[in-house]
Amino acid sequence: MITAYTGTQVRAAEEPLLADGLGDVLMQRAAYGLAAAVVNELKSRGSRLNGSRVVVLVGKGNNGGDGLYAGAFLAARGMRTTAVLTGNAAHPGGLAAFERAGGRVQRLTEAELPALAAEAAGADAVIDAVLGTGAKGGLRGSAAHLIDAITATRDAEHRDGLLVACDLPSGIDADTGEAAGPVLPADITVTFGGAKTGLLADPGADYAGRVLVVEIGIEEHLPAPSMRRLEEADMARLLPHPSRRAQKYSRGVLGVVAGSENYPGAAVLACRGALAAGVGMVRYLGPPSVADLVRQSCPEVVCSTGTVAENRVQAWLVGSGMGPHDHEQLTRARDAIASDLPVVADAGALPALPAMLAPHVVLTPHAGELASLFQRLGHGEDREAVEAGTLAAVRQAAVRTGATVLLKGATTLVAAPWGTTFSQADGTPWLATAGSGDVLAGVIGALLAQAGADVGRFTDLGIEGDGRWAAIAALGAALHGRAGKAASEAASGGPIAAGGIADALPEIWGKVSMLSNYGAWKRNSHSQPLR
Ligand SMILES: NC(=O)C1=CN([C@@H]2O[C@H](COP(=O)(O)OP(=O)(O)OC[C@H]3O[C@@H](n4cnc5c(N)ncnc54)[C@H](OP(=O)(O)O)[C@@H]3O)[C@@H](O)[C@H]2O)[C@@H](O)CC1
Ligand SMILES: [K+]
């Protein structure tokens, strides 16, 4: 599990060590980790270290101190290192160490700015150490102009020197991932003590590149994380697995209320997603013409034109491929939500929801749908506002609706109304294709239908109470993302259609559980000898 923390949480974890006078030790560890990452990355790019050119952009706080000490390590390895001081002061210890190691110091002035921007744009590596967790707002003044000029020169001259962010890309809010003003997009972010939440939420994640966490000795003082990301071992622990005497009903039945005369394909794709994700049975409810298509495409699905009350299921999927005039389907969707069973509510169901929901209802909007939901609830966020602050938006949506909310995107975020948050980034941009969301809804619906009463596998991972609905949605996003990626890789990195995501999913499921000892144990439990 990748865990992430707010800047405040990390600073609080540092307090006991700072009180013991270990501030310098923490900074040295951070700086050493940062320098090592620069060396490793340059080596992996085939660059010679000796004589290579490094520019450190230095702010006046401790983030700048980390950058200066890292620059000192690199200068001592024979790299030609320049520190550009962007503020009216610099960390005294770091500056002294940098100069002792032979680094060159330049103060940023408007007159020097073009030359310094050209030097940074042409460097083998740039370390962005202007602002870290102590930032208030984005880069301002000449530091902001410098970042703009470096970016413009790199673009114009097609430069691709390594860009490394110290702790976080300067100008990104450590807690929310919001970008105020210009930000230098990093290839790697080397972050200290624990990942910051803002690095795992867009747009922060867009700018962070690959995130490396360097341990500095504060980890045991960190509180419960403010955000989590499921990795393979966590997925293996959370994936349901049929018992030896399972039958289709005990494995979970998903009721699907999706598709319409206009969008019949959505029903098929939702059913295909569900069938690929381990559910015992899928019951489809919808218009006869759509049911016919579902029968032909997925003969495993049991179709009916009945009501929600007439169908016994363990969870419902509602909304994919439904419009505002599909009254019969919308009635079914409302009945499903009123049933007290777990529900995934997608697309066309979102505008038809009651104002107050419960955490076992999982909403799956994209940014535009979330903006419409906010407007319906009487708040003004538009799509751009949602995209500029995905974490704040998904958390607010969960609080305002009382539901678990999954916001789809390059980084998919899931928030429970009481604070548990997940961030998954398992996919590929090829997943942005029509029908992809229908498959995701099917996958999450299938996982909800299999959730059962056993909450032990969640609490074992530190996920308490209603946070499990968010974990199930995150698990669905992780499976869907990895399946899409596998489908694209099978096509040598080429495009995929939504059906291909469902086709690739069972193998991903198998691989994930096979790669974990826990999964292997679960599978082997089938062949336990009789006693
Ligand atoms: N604590 C530790 O032991 C360890 C901390 N570590 C490192 O410290 C970093 C946090 O350091 P930090 O708290 O000094 O804050 P930092 O991010 O450098 O910036 C604050 C400075 O910038 C200024 N400033 C603020 N906003 C601004 C703006 N928009 N535009 C321009 N200036 C602005 C502000 O000045 P002020 O406005 O208050 O006058 C202040 O001087 C953390 O990210 C990690 O890298 C590691 O070494 C591990 C050990
Ligand atoms: K930084």
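Where does Ser 492 lie? Ser 492 sits in the loop between helix 17 (467-490) and helix 18 (498-515), and the last view below returns to this residue. This is a predicted model, in which local features need pLDDT of at least 70, side-chain atom pairs count only at pLDDT 80 or more, and totals for chains, interfaces and linings use all residues. Residues are numbered from 1 along each chain as its sequence is written, while chains are lettered from A and ligands numbered from 1 in the order in which they are written.

**View 1. The whole protein, with 19 helices and 19 strands.** Helices (H or I, at least four residues) and strands (E, at least two) are DSSP runs, numbered from the N terminus. The C-alpha atoms fill a box of roughly 80 × 60 × 45 Å along the principal axes. A compact globule of 531 residues would have a radius of gyration near 24 Å, and the 26 Å of this protein agrees. That radius is taken over C-alpha atoms, and the globule rule is 2.2 Å times the number of residues to the power 0.38. Of the 531 residues, 56% count as buried. Here a residue is buried if 20 or more other C-beta atoms lie within 10 Å of its own, exposed if 12 or fewer, and partly exposed in between, with C-beta atoms placed from the backbone.

**View 2. Strand 11 (residues 253-257) and its two partners, strand 12 and strand 14.** Because 5 of its 5 residues are buried, strand 11 is largely enclosed by the rest of the structure. In a regular strand the side chains alternate between the two faces of the sheet. On one side of strand 11 are Val 253, Gly 255 and Val 257, on the other Leu 254 and Val 256, all of them buried. Strand 11 pairs with strand 12 (residues 281-285) in the parallel sense over 5 bridges; strands count as paired if DSSP finds at least two bridges between them. In this pair, Val 256 stands opposite Tyr 284. The chain travels from strand 11 through helix 9 (residues 264-276) to strand 12, a right-handed β-α-β crossover. Right-handed means that, with the strands pointing away from the viewer, the path from the first strand over the helix to the second runs clockwise. Strand 14 (residues 315-318) also pairs with strand 11 in the parallel sense, over 4 bridges, and there Gly 255 stands opposite Trp 316.

**View 3. Helix 9, a mostly covered helix.** All the way along, 13 of its 13 residues are buried. At 1.5 Å a residue, helix 9 should span 18 Å, and the 19 Å between its end C-alpha atoms agrees. The expected span is 1.5 Å times one less than the number of residues. Just after helix 9 comes Gly 278, with a positive phi of about 85°.

**View 4. The surroundings of ligand 1.** Of the 27 residues around ligand 1, the nearest are Gly 61, Asn 62, Asn 63, Gly 132 and Gly 134; a residue is near if its C-beta atom, placed from the backbone, lies within 6 Å. The shell has 10 nonpolar, 11 polar and 6 charged residues. In this count Ala, Val, Leu, Ile, Met, Phe, Trp, Tyr, Cys and Pro are nonpolar, Asp, Glu, Lys and Arg charged, and the others, Gly among them, polar. Helix 1 (7-19), helix 2 (23-44) and helix 3 (62-76) each supply at least two residues of this shell. Helix 3 is mostly covered, with 14 of its 15 residues buried.

**View 5. Strand 18 (residues 412-415) between two hairpins.** Strand 17 (residues 404-407) pairs with strand 18 in the antiparallel sense over 3 bridges, and a hairpin of 4 residues joins them. Here Val 405 stands opposite Ala 415. Strand 18 also pairs with strand 19 (residues 421-424), antiparallel over 4 bridges, with Val 414 opposite Phe 422. The hairpin between strand 18 and strand 19 has 5 residues, and Gly 419 in the turn has a positive phi of about 115°.

**View 6. Backbone details in three loops.** Most residues other than glycine have a negative phi, and most peptide bonds are trans. Asp 167 has a positive phi near 70° and is buried, with 30 other C-beta atoms within 10 Å. The phi of Ser 492 is positive too, at about 55°, yet Ser 492 counts as exposed because it has 6 C-beta neighbours inside 10 Å. The peptide bond from Asp 202 to Pro 203 is cis, with omega near 5°; Pro 203 is in the loop between strand 8 (195-196) and helix 7 (204-208).
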